[in-house]
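Good morning, everyone, and thank you for making the time. Please have the sequence and the structure open while I talk, since I will be moving from one region to another.

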Amino acid sequence: MVKAEIIVIGSGIAALKTALEASEHKHVILITKSNIRHGNSYLAQGGIAAALSDRDRVSFHKKDTLAAGQRYNKVKAVEKLVEEAPSVIAELIDSGMRFDHDDDGTLLLGMEGAHSERRILHSHGDATGKYMMEHLIGCLKKSSITVMENVAAVELIIGQDDTCIGVKTLDKAGELVAYHAEQTVLATGGCGSLYHFTSNSQTVSGDGIALAFKAGAKVRDMEFIQFHPTLLFVNGKAKGLVSEAVRGDGARLVTEMGTPIMEDVHSLKDLAPRHIVAQTIFSYLQRGEKVFLDISMIKDFKNRFPTVSSLCEKSGLDLHLGKIPVAPGNHFLMGGIEVDESGQTSVPSLYAVGEVACTGVHGANRLASNSLLEGLVFGNALGRFLAKVPSRSIPEEKEQSKNSSQIPFLPDLTTLREKLMNEAGIVRNEAGLTRLKDYLETFPIEKLLHMEVTALSIQEITKINAIIVAWLIAESALTRTESRGGHFRSDYPDEDDAQWLENSVILACTDVKNRVKGRRLYEYIEA
């Protein structure tokens, strides 16, 4: 058993920022299931939003964030995000982070979808996430933080006082190690790799959400998933992200014949909110029509977008043709583990930050380039909060009855990804979501929630977590009988403010037995 004051699970922007701030006064261990450079933050091509120009205002950034979120955002969380954005960016620059600027040293601010002003900072064109991560990794190396790579968190430890007291982990050799801590933070990202088409790292599979849910934490808004409109789409496969900044520089979405597709759809055309652009592209693909990004008007494309250019060339695409084939794919989870204003989950001493957490800041649809910003702002706040939290004695572990680790069968993840994409993807309806839920409930959901996993392999645990998170998405999407933001129901195509604007789908582990289809019949037969 290893002890620390703070354990942070994850290695993206939110995790590193939380750990760095907390380590100013506490002993911090950071645990990641892969290596520290293998995650969504490192892959982020788009920039980071902040109201910095003379033309811009914090109030404008707030208005744009609320509009993109379909008015479903928590206003206090949005105000925290936009008001603290300029200062966290300034702190980052003061500590040595370099963003793109002109010859006079003036920051270059880009435009992206649903923004009313130019406020997007970039680093090395379309490699912002990589260079922000490298900067924070440099800070990490100078800190007192202990970093554990290639160690998978498999179970949160609950104490006799029902607080979280740490985590059990498995390394690649299958060695089980318990880490005890006064406070534990989940910063594990969303669940993008559970979908067939995704911009996410394959390590981002919803593990943190499943860990928290099994430990008793509530989850919220799991139906709200953002599908990025433009993934590079070659030979029926998504090859990676084509940044929204490409459209910000003037690229247009067109058919194979060159007809613009966004002209009459939205006043912002190609820079409309992501859910609208994604749904429009999807409708063309459903009719068998290919969609392309026309980049012919962007001068010196390779220098402006080196990451996208490299991705295209590796996929055998000739950029001189001026068109990039695209399709939508899973990009970001607006829902997640429910937290309060301090990042506290419904389990005492367990916190969540970044994409794994649902603060309400993004509402029903995240505004472009607010994700790296969320990691910085909320990671900064949580780290400073934890640095000042009074020390506590760690109680003994609570004895809990667990189901046998013997399981009859687990799904093929390829099949699960395809079913999620088809039935809980860009367009959903009751029939498809019910088919998905029925498929997921062929696995013993309730037993999986209380299974002894420490004797299983990491691959088996990953599958169990995938089933749980997929079920949470299906159940939440079935429950919300309206369309809003990233959640589009073809059988309920309109927003229903009267029923849903102030209501959230919140699920807890104790709810599952009443929501699994056929339970009553099953119990009756057993009796």
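**Aromatic pairs, cysteines and a few contacts**

Let me begin with phenylalanine 227, which counts as buried at 5% relative accessibility. Please keep in mind throughout that what you are looking at is a predicted model.

Phenylalanine 227 has an aromatic partner, tyrosine 195, and the two ring centres lie 5.7 Å apart with their planes at 75°, so this pair is edge-to-face. Tyrosine 195 is buried as well, with a relative accessible area of 1%. As for where the two sit, tyrosine 195 belongs to the loop between strand S9 (176-186) and helix H6 (207-214), while phenylalanine 227 is in strand S11 (residues 225-234), so the pair ties together parts that are 32 residues apart in sequence.

A second pair is made by phenylalanine 409 and phenylalanine 443, which is tilted, with 5.1 Å from centre to centre and 50° between the planes. This pair, too, links distant parts of the chain, 34 residues apart: phenylalanine 409 is in the loop between helix H11 (371-388) and helix H12 (413-423), and phenylalanine 443 is in the loop between helix H13 (430-440) and helix H14 (445-449). Is each of these two rings buried or exposed? Phenylalanine 443 counts as buried, at 4% relative accessibility, whereas phenylalanine 409 counts as partly exposed, at 43%. Together with Tyr439, Phe409 and Phe443 form one aromatic cluster, and the face of tyrosine 439 has lysine 419 lying over it, at 4.7 Å from the ring centre. A similar arrangement is found elsewhere, where lysine 323 lies over the face of phenylalanine 292, at 5.9 Å from the ring centre.

Turning to the cysteines, how many disulfides does the structure hold? The number is zero, and two of the cysteines let us follow the reasoning. For cysteine 164, the closest cysteine sulfur is in cysteine 509, 15 Å away, which is too far for a bond; cysteine 164 also counts as buried, at 0% relative accessibility. For cysteine 358, the closest cysteine sulfur belongs to cysteine 191 and is 12 Å away, again too far for a bond, and cysteine 358 is buried with a relative accessible area of 1%.

Now to lysine 398, which is found in the loop between H11 and H12 and counts as partly exposed, at 33% relative accessibility. Which residues does lysine 398 contact, leaving aside its neighbours within four places in sequence? They are Ile158, Gly159, Gln160 and Asp162. The C-alpha atoms of lysine 398 and isoleucine 157 are separated by 8.0 Å, although these two residues are 241 residues apart along the chain.

I will finish with some secondary structure. Helix H5 (residues 128-141) has 14 residues, which at 1.5 Å a residue should span 20 Å, and its end C-alpha atoms are indeed 20 Å apart. Its buried residues include Thr128, Gly129, Met132 and His135.

There is also an open sheet of three strands, in the order S3-S5-S4, with antiparallel pairing. Strand S3 (48-49) and strand S4 (109-110) stand at its edges with a single partner strand each, so one side of each is left without a neighbour in the sheet. S3 is joined to strand S5 (residues 120-121) by two bridges, the strands running antiparallel, and the bridge partner of alanine 49 in S5 is isoleucine 120.

Conventions. Residues are numbered from 1 along each chain as its sequence is written. This is a predicted model: local features need pLDDT of at least 70, side-chain atom pairs count only at pLDDT 80 or more; totals for chains, interfaces and linings use all residues. Side-chain values use heavy atoms; hydrogens and water are left out. Rings of Phe, Tyr and Trp (its six-membered ring) pair if their centres lie within 6.5 Å; planes under 30 degrees apart count as stacked, over 60 as edge-to-face and the rest as tilted. Helices (H or I, at least four residues) and strands (E, at least two) are DSSP runs, numbered from the N terminus. Buried means under 20% relative accessible area, exposed over 50%, partly exposed in between (1.4 Å probe, protein chains only). A charge sits over a ring if NZ of Lys or CZ of Arg is within 6 Å of the ring centre and within 35 degrees of the ring normal. A disulfide is a pair of cysteine sulfur atoms within 2.5 Å. The expected span of a helix is 1.5 Å times one less than its number of residues. Contact means heavy atoms within 4.5 Å. Two strands pair if DSSP finds at least two bridges between them.
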